[in-house]
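Work through the exercises below with the model open. Try each task before reading its solution.

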Amino acid sequence: MRVVRQLEAGRLEAGEAAIPEPGPGELLIQVSACGICGSDLTSYKMGLFDGVPGHELAGVVESIGAGVEGWQRGQPVGIDPRLPCGECDQCRSGNLHRCVDSLTRRTVEPGGFAELVTAPLSVVRRLPRGLAPEIACLAEPLAVALHGIGQARLRPGEDAVVLGLGSIGMLAVAALKAAGAGRVYGVDPAEVRRGLATRLGADLVFESAQDARAGVEGTPVVLECSGRPESPGLAIDLAAQGGRVVLLGIPVAEITLVPVMWIIHEVSVTGCINSTADDYRQALRILAGEPGIGRIVTRRISLEEVPATFEALVRGSPADGKVVVDPRLPAGT
Ligand SMILES: [Zn+2]
Ligand SMILES: [Zn+2]
């Protein structure tokens, strides 16, 4: 079968691999769609993981391992890619999503950028009726956005700003609307992304945080999804008195901020990592009810196009929404 491997930092290669055998308690899944995640791009730039990347996937059951009952060939499935260790303090206290082991552990073999993968049943989810795997691959990033909204303790009718309209930011706009937020404002320098966010329900979009500050009174909730080092400070300045800022983007950098508004507005700032099994289930329900969220996918590419596409994305191709790999597409499409 065809796969894409990361060989070292900045080097991906399309090639062949043996078809994996589903072991006891596992399914073999034909991948219909696997999203390219910001964390895949970081790993590509920094050479964090070798092997086959890709964790935002959905597909159909191809074959069934020993002892597995209740699953059929051809059944559409999504992958909730978390395998918590079950032993660390966070796992034992029920915060499985914080398990450090699970953040780095491979959940499907060999990885989502492959024609076929094996997956243990614990990460496989049935898709709600009518939800195609081509859209269900968005459930993982949508679950991350939902986790951020949970961290913000959004109350129905509250306004919110989303800073940074990459895939998590765009999905956060859609998720805020689904969660009953009041007015939702999006901020991103790229026009394509502002347009997509508007179609997903953003009431008003701005090119910069400065423009948003000029146009909007502080909001009770601010979701920082850009990961840019200057953004935590901008997010705090956009929050209303008593507002809640949640940091979903991950700047690995020293930052400078002027804490005056943080203090006098009594703003709470919370980190946010990963998502829970409930977030993932809710994401599937939202996607089934609003398949139009699939609009954020602006390109579907073959495995062979992955290396050049990664290179373009790390250079910051502003023309793209979400890019999804479809391993069924033949080379050269
Ligand atoms: Zn992801
Ligand atoms: Zn653990």
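The exercises cover metal sites, strands, a helix and some single residues of this predicted model.

**Exercise 1. Classify the site of the zinc ion (ligand 2) from its donors and angles.**

Solution.
- Start with the donors. C85, C88, C91 and C99 each coordinate the zinc ion (ligand 2) through SG, at 2.3 to 2.4 Å.
- Next, take the angles. The four donor atoms give angles of 104 to 117 degrees.
- Apply the cut-off. Four donors count as tetrahedral if all angles lie between 85 and 135 degrees. The site of the zinc ion (ligand 2) is therefore tetrahedral.
- Compare with theory. The ideal angle for four tetrahedral donors is 109.5 degrees.
- Read the spacing along the chain. The donors of the zinc ion (ligand 2) follow C-x2-C-x2-C-x7-C.
- Check the surroundings. C91 and C99 are buried.

**Exercise 2. Work out why the arrangement around the zinc ion (ligand 1) is classed as it is.**

Solution.
- List the protein donors. They are C37 (SG), H55 (NE2), E56 (OE) and E140 (OE). These donors lie 2.3 to 2.7 Å from the zinc ion (ligand 1).
- Take the angles. The four donor atoms subtend 80 to 162 degrees, so the arrangement is irregular.
- Read the spacing. The donors of the zinc ion (ligand 1) follow C-x17-H-E-x83-E along the chain.
- Place two of the donors, C37 and E140. C37 sits in the loop between strand 3 (26-35) and helix 1 (38-46). E140 is in helix 5 (residues 139-151). C37 and E140 are 103 residues apart, and the pair links distant parts of the chain.
- Check burial. C37 and E140 are both buried.

**Exercise 3. Trace the pairing of strand 12 with strand 11 and with strand 13.**

Solution.
- Take strand 11 (residues 219-224) and strand 12 (residues 239-247). Five bridges join them, and they run parallel.
- Follow the connection. From strand 11 the chain passes through helix 9 (residues 231-238) to reach strand 12. This β-α-β crossover is right-handed.
- Find a bridge. V222 has V245 in strand 12 as its bridge partner.
- Move to strand 13 (residues 268-271). Four bridges join strand 12 to strand 13, and these strands also run parallel.
- Find the opposite residue. L247 stands opposite G271 in strand 13.

**Exercise 4. Test the length of helix 11 and decide how its buried residues are arranged.**

Solution.
- Compute the expected span. Helix 11 (residues 277-289) has 13 residues, and at 1.5 Å a residue it should span 18 Å.
- Compare with the model. The end C-alpha atoms of helix 11 are 19 Å apart, which agrees.
- List the buried residues. In helix 11 they include D279, Y280, A283, L284, I286 and L287.
- Look down the axis. These residues cover an arc of only 165 degrees, so they lie on the same side of helix 11.
- Turn to the other side of helix 11. There, D278, R285 and G289 are exposed.

**Exercise 5. Locate E266 and N274, and decide whether each is buried or exposed.**

Solution.
- Begin with E266. Its place is the loop between helix 10 (260-264) and strand 13.
- Note the backbone. Phi of E266 is near 50 degrees, a positive value in a residue other than glycine.
- Judge its exposure. E266 has a relative accessible area of 63%, so it is exposed.
- Go on to N274, in the loop between strand 13 and helix 11.
- Note the backbone again. Phi of N274 is near 65 degrees, a positive value in a residue other than glycine.
- Judge its exposure. N274 has a relative accessible area of 12%, so it is buried.

**Exercise 6. Find which peptide bond joins E109 and P110.**

Solution.
- Read omega. It is about 0 degrees, and the bond between E109 and P110 is cis.
- Place P110. It is in the loop between helix 3 (100-104) and strand 6 (116-120).

**Exercise 7. Set separation along the chain against separation in space for two pairs, V192 with T298 and P330 with S231.**

Solution.
- Take V192, in helix 7 (residues 191-199). V192 has a relative accessible area of 36%, so it is partly exposed.
- Pair V192 with T298. They are 106 residues apart in sequence, and 9.9 Å apart in space, C-alpha to C-alpha.
- Take P330, in the segment after strand 15 (322-325). P330 has a relative accessible area of 45%, so it is partly exposed.
- Pair P330 with S231. They are 99 residues apart along the chain, and their C-alpha atoms are separated by 40 Å.

Methods:
Residues are numbered from 1 along each chain as its sequence is written. Chains are lettered from A and ligands numbered from 1 in the order in which they are written. This is a predicted model: local features need pLDDT of at least 70, side-chain atom pairs count only at pLDDT 80 or more; totals for chains, interfaces and linings use all residues. Side-chain values use heavy atoms; hydrogens and water are left out. Donors are N, O and S atoms within 2.8 Å of the metal (3.2 Å for Na, K and Ca); water is not among the atoms, so sites may look incomplete. Four donors count as tetrahedral if all angles lie between 85 and 135 degrees; four count as square planar and six as octahedral if opposite donors are over 155 degrees apart and all others between 65 and 115; anything else is irregular. Buried means under 20% relative accessible area, exposed over 50%, partly exposed in between (1.4 Å probe, protein chains only). Two strands pair if DSSP finds at least two bridges between them. A crossover is right-handed if, with the strands pointing away from the viewer, the path from the first strand over the helix to the second runs clockwise. The expected span of a helix is 1.5 Å times one less than its number of residues. The arc is that of the directions from the helix axis to the C-beta atoms.
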